[in-house]
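Me: Could we walk through this fold together, one packing question at a time?

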Amino acid sequence: MRIFEYVAKELFKRNGIAVPVSGLVEKPSELEKVLIDIRGPWVLKPQVLFGARGKAGLIKFADSKEAAVTGAGELWNAGRGIKKILIEEKIKVQRELYLSITIDPGKACAVIIASAQGGTDIETLAVSGKKNILYEYIDLNIGIMPFNARKTAYGIGLDNGLISRYVSVVTSLYNIFEESDRSEEHTSELQSH
């Protein structure tokens, strides 16, 4: 399923996964209010359905309202079909990880994919070899178990103090995965009738 980042973050919030404070703007007249509501500095993220936005120069950072207004104008005028911009509080990143859950059609099961290296080069890392990426397979009939999440936590080298939070995030992410899968099945059933 491909969804916009702001939609994914709403799903995360509803399922107890912490996300930065943010606001969505669709036109320049909405920008001032969002900048007042969210304490700066800010990150401006265009809502588009393709990756590598940072490498394409489409993620903007702003330390002042003037810089945010200029950055938003540049994004809207970039000619990439940008209609919405997610404005987020800029947070200090101590460490980036990669985490996803998807279906492995060959094994007919779900798979947690985790890496101790996150960020914009995760696709390159995946192509360079599996040694840096962990795969934990989940029987769809049983669902996720805490040991599935703990195994990937240890595999990516998380400190013991972070393990329980990580297990909670992975479990919530799996719940979103299951919910999305059920809603796609329901949508397909409706479309076929």
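Here are some questions and answers on how the helices and strands of this predicted model are arranged.

Me: What is the strand order of the open sheet?
Reply: Happy to start there. The four strands of the sheet pair in an antiparallel way. Neighbouring strands are turned against each other by 25° on average, direction ignored. Read across the sheet, the order is 1-4-2-3.

Me: Which strands stand at the edges of the sheet?
Reply: An edge strand here has a single partner strand, so one side of it is left without a neighbour in the sheet. That applies to strand 1 (22-25) and strand 3 (60-62).

Me: How many bridges join strand 2 to strand 4?
Reply: Strand 2 covers residues 42-46 and strand 4 residues 85-89, and the two run antiparallel. Within this pairing, Pro46 stands opposite Ile85. The number of bridges between the two strands is five.

Me: At what angle do the axes of helix 2 and helix 3 cross?
Reply: Two packed helices are described by the angle between their axes and the distance between the axes. For helix 2 (residues 28-37) and helix 3 (residues 65-76), the axes come within 11 Å. Their crossing is right-handed, and the angle is roughly 145°.

Me: How many residues of the contact of helix 2 with helix 3 are nonpolar?
Reply: From helix 2, Pro28, Leu31, Glu32, Leu35 and Ile36 take part, meeting Lys65, Ala68, Val69, Ala72 and Trp76 of helix 3. None of these residues is polar and two are charged. The nonpolar ones number eight.

How values were computed:
Residues numbered from 1 in each chain as written. Predicted model: local features only at pLDDT ≥ 70, side-chain atom pairs only at ≥ 80, totals over all residues. Heavy atoms only, no water. Axes fitted to C-alpha atoms, helices over the stretch in contact; angles between N-to-C directions. Left-handed = near helix turned anticlockwise from the far one by under 90°. Contact = heavy atoms within 4.5 Å. Nonpolar A, V, L, I, M, F, W, Y, C, P; charged D, E, K, R; others polar. Pairing = 2+ DSSP bridges.
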